[in-house]
Amino acid sequence: MSTIEVNTVDSVGSTLTLGSSNANTLSLNSGITTLPATLTNTPAFFINKQSDQTLSSATYTLITFDTEVIDTDNAFASNKFTVPSGKGGKYFIGSVLFTDSNSGSNYSYSIIQMRVNGATTHYHITDFRDNPANQISIPVHAIFNLSAGDYVEVYCQISDTSGSPQIDTDSSTLQSYFYGYRLIGV
């Protein structure tokens, strides 16, 4: 195997071909300034939570997200990401929630779940039974193999029998959010 290092590659015609004619060919037309849609990590979304949400203790609750920062394919609506037609594939999806006892009391655990088509697929639990806490950020993320029409939602459960647990927000920082994008090359 050899290495060629150059600063500029110019083509003689309108197409520059890299690789052999049998395999691994990449052809670039002159004047290309962006990659084709098949080589981008879209659909992509990042949704922030800007309003606190009170939860019932020890009860799974759908988390509501209210501020779209990025939604390349208009695929986020009704608190869920839905894979658009023709955009199936592998996705990296995650969420972070800032949980709070909302009363200054301590709680014993927080669970964040991601559900695909209503079924729990991935979750993260933070258990404080030996040393209770009253605030913590909990993350969950995973790679999903999704088809067009599949949807992903975030649920949370907090055990806090002495207060009203909630998902906290702060207008000056990102504390609770939901995000994802389609992976290319896998």
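The following exercises, each with a worked solution, deal with the fold, the core, the charged residues and the local backbone of one predicted protein model.

Because this is a prediction, local features are reported only at pLDDT of at least 70 and side-chain atom pairs only at pLDDT 80 or more, whereas totals for chains, interfaces and linings use all residues. Residues are numbered from 1 along each chain as its sequence is written, and side-chain values use heavy atoms, with hydrogens and water left out.

**Exercise 1. Describe the protein chain by its secondary structure, burial, contacts and exposed surface.**

Step 1. Helices (H or I, at least four residues) and strands (E, at least two) are taken as DSSP runs numbered from the N terminus, and on this basis the chain has zero helices and 15 strands.

Step 2. A residue is called buried under 20% relative accessible area, exposed over 50% and partly exposed in between, with a 1.4 Å probe and protein chains only; of the 186 residues, 38% count as buried.

Step 3. With contact meaning heavy atoms within 4.5 Å, residues 24 or more positions apart account for 72% of the contacts that have a separation of 6 or more.

Step 4. Accessible areas come from the Shrake-Rupley method with a 1.4 Å probe, and for residues only the protein chains shown count as cover; the chain exposes about 10,500 Å², of which carbon and sulfur atoms supply 49%.

**Exercise 2. Locate the largest nonpolar core and identify the elements that build it.**

Step 1. A nonpolar core is a set of buried Ala, Val, Leu, Ile, Met, Phe, Trp, Tyr and Cys residues joined through side-chain atoms within 4.5 Å. The largest such core has 26 residues, and I93 and L97 have the most contacts inside it.

Step 2. Two or more residues of this core come from each of β3, β9 (89-100), β10 (109-116), β12 (135-146) and β13 (151-159), and β12 gives the most, with five residues.

Step 3. Leaving aside neighbours within four places in sequence, I93 is in contact with a set of residues that includes F45, F81, M114, V140, F144, V152 and F178.

Step 4. As general background, nonpolar side chains tend to be buried together in soluble globular proteins.

**Exercise 3. Find the salt bridge of the structure, and then examine two buried charged residues that lack one.**

Step 1. A salt bridge requires a side-chain nitrogen of Lys or Arg within 4 Å of a carboxyl oxygen of Asp or Glu. The structure holds one, and D73 forms it with K87, the closest N and O atoms being 2.8 Å apart.

Step 2. Since D73 lies in the loop between β6 and β7 (76-77) and K87 in the loop between β8 (80-82) and β9, the pair ties together parts that are 14 residues apart in sequence. D73 counts as partly exposed at 22% relative accessibility, and K87 is partly exposed at 23%.

Step 3. For charge, Lys and Arg count as positive and Asp and Glu as negative, while His and the chain ends are not counted. K49, in the loop between β3 (44-48) and β4 (53-54), is buried without a salt bridge, and D66, its nearest side chain of opposite charge, is 5.1 Å away.

Step 4. Polar contacts are pairs of N or O atoms within 3.5 Å; within protein, one must be able to donate a hydrogen and the other to accept it, and residues adjacent in sequence count only if both atoms are side-chain atoms. The side chain of K49 reaches the backbone oxygen of T64 at 2.6 Å and that of S51 at 3.2 Å.

Step 5. D71, in strand β6 (residues 67-71), is likewise buried without a salt bridge, with K87 as the nearest side chain of opposite charge at 10 Å. A polar atom of the D71 side chain lies 3.1 Å from the backbone nitrogen of F76.

**Exercise 4. Trace the surroundings of T72 and point out the unusual backbone geometry.**

Step 1. T72 is found in the loop between β6 and β7, and its side chain reaches the backbone nitrogen of A44 at 2.9 Å, while a polar contact of 2.7 Å joins the side chains of T72 and D73.

Step 2. T72 and P43 are 29 residues apart in sequence, yet their C-alpha atoms are 5.6 Å apart in space. A cis peptide bond, with omega about 5 degrees, joins T42 and P43.

Step 3. In the loop between β7 and β8, S78 has a positive phi near 55 degrees, and N79 has a positive phi near 65 degrees. S78 is exposed at 62% relative accessible area, whereas N79 is buried at 17%.
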